[in-house]
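Me: I would like to go through this model term by term, asking what lies behind each label before I rely on it.

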Amino acid sequence: MAKAGSPLNENQRLIWIDAARGLAILGIFMVNAPAFNAPFFLYGGAGDFWNNKLDHAVQAGIDIFFQASFYTLFSFLFGFGMQVMYDRLQEKKRNTVHVLIRRLLVLICFGIIHAFMIWHGDILLTYGIIGFCLFCFYRRQNGTLLGWSFGLLLIPAGLLTMLSYAVRNFIPDITAGDSQRISEAMANYGDGTLLDIWRQNLVDWLYANGGIAYLFLTFSLLPMFLLGMYTSRKKWLHDIDRFRPVLIRVWFITGILFVLMKVGPYAMGNPFWLNEAKRAIGGSASALFYVLSVTLAFRTKHGKKLLTPLAYVGRMSLTNYLAQSLICFFLFYSAGLGLYGSVRPSYSVVLVLIIFSLQICASRWWLNYFRFGPAEWLWRSLTYGEKQQLRKRVRSMD
């Protein structure tokens, strides 16, 4: 009977990939925290509610440097990791399909609990579901992966941008917000019972993911999954010195696209009709720019020293992601401290940096004694069908 395989050993890991994963956890938290604290990310109206210049500047900074950049970066790394796992299982002649299916099913279970009991902005459920699309590509040629990736990313974004431009004069002002939905969210999250919170969570999840929205979410995530798979196959991030010229070229191109598509729209007044292009092209380009920046920086002494703390968080990315949601649930919702709607964007940034710094310290301490984070240990044990060793082996002094 074929064995299920085993996870990577500590000395097999690519530390710059762990650091990029840690950076993604920080970036996702920077976007999630204000969305956890108020309903404006979903329903608009932030400009009126947070009405001072500092908060507007902070919101613009988050939109440029974080929004649509880090869930796409995490998507790239998810595809990269799935391809690495597929290759290792194939090399060891393990039951590859069964292991990968279990991996996705466990992730979906994590996502269901997280999405409907803690945070409607969950990404785990979506990653697990869309991850099944990758089975259509594991045996495909590299060119097929690249073609589908660019096609899914650029064609829908281009069509929607042209349509939005054509009807731009007929689109209502969405910055005003949906006052009824905002009031309901404020009441349920800020003053409601636990059942009210869960009910509102379901309403918000359906609003964000229902119908055609999920299709566009697939057009956003699947291309990055495929780019991650392609990059893993090419070994560009495995052998940095060998592929340094390629990495620098891609870094330079994505940096230009980052500036043009994320900063450029603000020079035009940040028009609504550019939102999809800004998200799809700008977000994806910035994600690649960030991961390549981390990778290249790790080849320098100071860059490695500066970025290594991110790797601790990255090695426990699932645990830290879930922990951030639990902390925000306690801080903002009425089941905890009930600060919903009262933490300004500028204070939110400070709060995120404090919590993330504590996560770096906690992750470093944990990894001194354990091989995986607790959530990673459970995910791996269920994926491979056997209990993984959690504690590090203590070397004998004999």
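**Fold and cavities**

Reply: The chain has a radius of gyration of 21 Å, which agrees with the value near 21 Å for a compact globule of 398 residues; the radius is taken over C-alpha atoms, and the globule rule is 2.2 Å times the number of residues to the power 0.38. This is a predicted model, in which local features need pLDDT of at least 70 and side-chain atom pairs count only at pLDDT 80 or more, while totals for chains, interfaces and linings use all residues. Residues are numbered from 1 along each chain as its sequence is written, and side-chain values use heavy atoms, with hydrogens and water left out.

Me: What makes up the secondary structure of the chain, in helices and strands?

Reply: The chain has 17 helices and zero strands, where helices (H or I, at least four residues) and strands (E, at least two) are DSSP runs numbered from the N terminus.

Me: How do you know what share of the residues counts as buried?

Reply: Buried means under 20% relative accessible area, with exposed over 50% and partly exposed in between (1.4 Å probe, protein chains only), and by that cut-off 52% of the 398 residues count as buried.

Me: Why are the enclosed spaces called cavities, and how many does the search find?

Reply: A set of points on a 1 Å grid over the protein atoms alone is called a cavity because a 1.4 Å probe fits there but cannot get out, and its lining residues have an atom within 4 Å of a point. A search of the whole structure finds two such cavities of 30 Å³ or more. Grid points are joined across faces, edges and corners, and a volume is the space filled by probe spheres set on the points; the largest cavity has about 60 Å³ and the second largest about 40 Å³.

Me: What makes up the lining of the largest cavity?

Reply: It is lined by 13 residues, of which Ala-35, Ala-38, Pro-39, Leu-42 and His-120 lie nearest its centre. The elements giving two or more residues to this lining are α1 (15–37) and α2 (40–43), and α2 gives the most, with four. Ala, Val, Leu, Ile, Met, Phe, Trp, Tyr, Cys and Pro count as nonpolar, Asp, Glu, Lys and Arg as charged, and the others, Gly among them, as polar, so the lining divides into eleven nonpolar, one polar and one charged.

Me: Which residues line the second largest cavity?

Reply: Phe-29, Asn-32, Phe-36, Trp-119, Tyr-321, Gln-324, Ser-325 and Cys-328 line the second largest cavity, and α15 gives the most to that lining, with four residues. This lining divides into five nonpolar, three polar and no charged.

Terms used:
1 Å grid on protein atoms, 1.4 Å probe; cavity = no way out; pocket = protein on both sides within 12 Å on 5 of 7 lines; lining within 4 Å.
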